[in-house]
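Student: I have a structure open on my screen and I would like to learn how to read it. Could you take me through it one feature at a time?

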Amino acid sequence: DLRFRAVSIFRVERNDVDLTTDFFAIKLNSNLAVLAYPLYYAKSGDQLGRGPIPPRVGEETKYWVFVKLINDINPVSEVSVSAELPFNVSCNDRSSVPVGNAIVYDAGTKKIMWQISEVPVKPTNIGFAFEVGIIPTAGQAGTYPLHLQNIRITGKDKVTGKEIVKDLGGVTTKLINDARGKLRDGAVGK
């Protein structure tokens with residue numbers, strides 16, 4: 001909560017008038033968000049991915065996508081993360097979910113869903129990871145194609161009672177958080 005108190009002093013015909021308001025509070029919704037990124041190599045240096053990097057047209061490259069929750073201000077309940085896989089991205093049953101429900105993947109809609117009952121303020125290691133494979137098309141040559149699109153996180157702020165809904169875009173094949181993978185990374189080659 002932000003707490004405010006206003007104090008004003010006015011001079012009216014040589015007399016000071018003190019105008020003071022009581023404290024008032026503004027409740028802020030939590031800033032619930034997701035940090036999502038692909039890795040080809042683990043921080044330890046172990047190889048997680050398979051296939052060529054940079055990816056090549058017509059050849060499958062497998063990555064692990066890591067999704068970490070970020071939250072500040074207030075605890076959030078009934079948290080759900082969803083995302084869609086583009087047409088040329090596949091998902092298998094390889095995943096890691098340290099807390100929360102198992103990942104649910106609907107092959108028909110290519111939608112991934114994950115839920116957890118509550119996310120505290122400043123969570124550590126809350127999220128999930130899963131393996132995806134991408135076979136770039138000729139039209140994706142020279143680009144960093146999407147692994148995930150339409151990422152959405154929802155939840156209910158436990159202090160304000162307000163629903164939180166955030167649409168967070170997508171995740172490409174660019175290995176921004178992969179120290180070793182960055183050295184070989186690049187746009188899709190032919």
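Tutor: Gladly! Let's begin with a word we will need: two residues are in contact when heavy atoms of theirs lie within 4.5 Å. Keep in mind too that this is a predicted model.

Student: How much of the contact count in the protein chain comes from residues 24 or more positions apart?

Tutor: Among contacts with a separation of 6 or more, residues 24 or more positions apart account for 71%.

Student: Next, how many helices and how many strands does the protein chain have?

Tutor: The protein chain has zero helices and 14 strands. Reading from the N terminus, you meet β after β: β-β-β-β-β-β-β-β-β-β-β-β-β-β.

Student: Which way do paired strands run, for instance β5 and β6?

Tutor: Strands β5 (residues 33-39) and β6 (residues 61-70) run antiparallel, and seven bridges join them. To find the pairing on screen, look for A33, which stands opposite I70 in β6. Strand β6 also pairs with β11: eight bridges join these two, which again run antiparallel. Here a good landmark is W64, opposite E131 in β11.

Student: What share of the residues is buried?

Tutor: Of the 190 residues in the protein chain, 35% count as buried. As for the surface, the protein chain exposes about 10800 Å², and carbon and sulfur atoms supply 52% of that area.

Student: Can we try single residues? Is S77 buried or exposed?

Tutor: The cut-off you need is that buried means under 20% relative accessible area. S77 has 13% relative accessibility, so S77 counts as buried. You will find S77 in strand β7 (residues 76-84). Setting aside neighbours within four places in sequence, S77 is in contact with S117, E118, G155, K156 and K158.

Student: And S80, buried or exposed?

Tutor: S80 is buried because its relative accessible area is 11%. S80 is also found in strand β7. Not counting residues up to four places away in sequence, S80 touches M113, W114, Q115, R152, I153 and T154.

Student: Now for empty spaces. How many cavities of 30 Å³ or more are there?

Tutor: A cavity is a space where a probe fits but cannot get out. The count here is one cavity of 30 Å³ or more. The largest cavity holds about 50 Å³ of space.

Student: Which residues line the largest cavity?

Tutor: The lining is made by A36, V67, V81, S82, A83, I112, F128, F130, L148 and I151. The elements that give two or more residues to this lining are β7, β11 (127-134) and β12 (146-157). Strand β7 gives the most, with three residues. By type, the lining of the largest cavity divides into nine nonpolar residues, one polar and no charged.

Student: What is the volume of the largest pocket, and which residues line it?

Tutor: A pocket, unlike a cavity, is open. The largest pocket has a volume of about 190 Å³. Its lining residues are Y37, L39, F66, V67, K68, S96, P98, N125, I126, G127, F128 and A129. Strands β5, β6 and β11 each supply at least two residues of that lining. Eight of the lining residues of the largest pocket are nonpolar, three polar and one charged.

Student: Last topic: the backbone. What should I look out for?

Tutor: Most residues other than glycine have a negative phi, and most peptide bonds are trans. Look for the exceptions, then.

Student: Which residues does a cis peptide bond join?

Tutor: A cis peptide bond joins I53 and P54, with omega about 0°. P54 is found in the loop between β5 and β6.

Student: And what is the phi of K122 and of N125?

Tutor: K122, although not a glycine, has a positive phi of about 50°. For N125, also a residue other than glycine, phi is near 60°. K122 is in the loop between β10 (111-119) and β11, and N125 lies in the loop between β10 and β11 as well.

Student: Why do K122 and N125 count as exposed?

Tutor: Exposed means over 50% relative accessible area. K122 counts as exposed because its relative accessibility is 62%, and N125 counts as exposed because its value is 64%. N125 is also one of the residues that line the largest pocket, so you have now met N125 twice.

Notes
Residues numbered from 1 in each chain as written. Predicted model: local features only at pLDDT ≥ 70, side-chain atom pairs only at ≥ 80, totals over all residues. Heavy atoms only, no water. Helix = DSSP H or I, 4+ residues; strand = E, 2+ residues; numbered from the N terminus. Buried < 20%, exposed > 50% of the residue type's maximum accessible area, 1.4 Å probe, protein only. Areas by Shrake-Rupley, 256 points an atom, 1.4 Å probe, with all protein chains shown as cover. 1 Å grid on protein atoms, 1.4 Å probe; cavity = no way out; pocket = protein on both sides within 12 Å on 5 of 7 lines; lining within 4 Å. Points joined across faces, edges and corners; volume = space filled by probe spheres on them. Nonpolar A, V, L, I, M, F, W, Y, C, P; charged D, E, K, R; others polar. Pairing = 2+ DSSP bridges.
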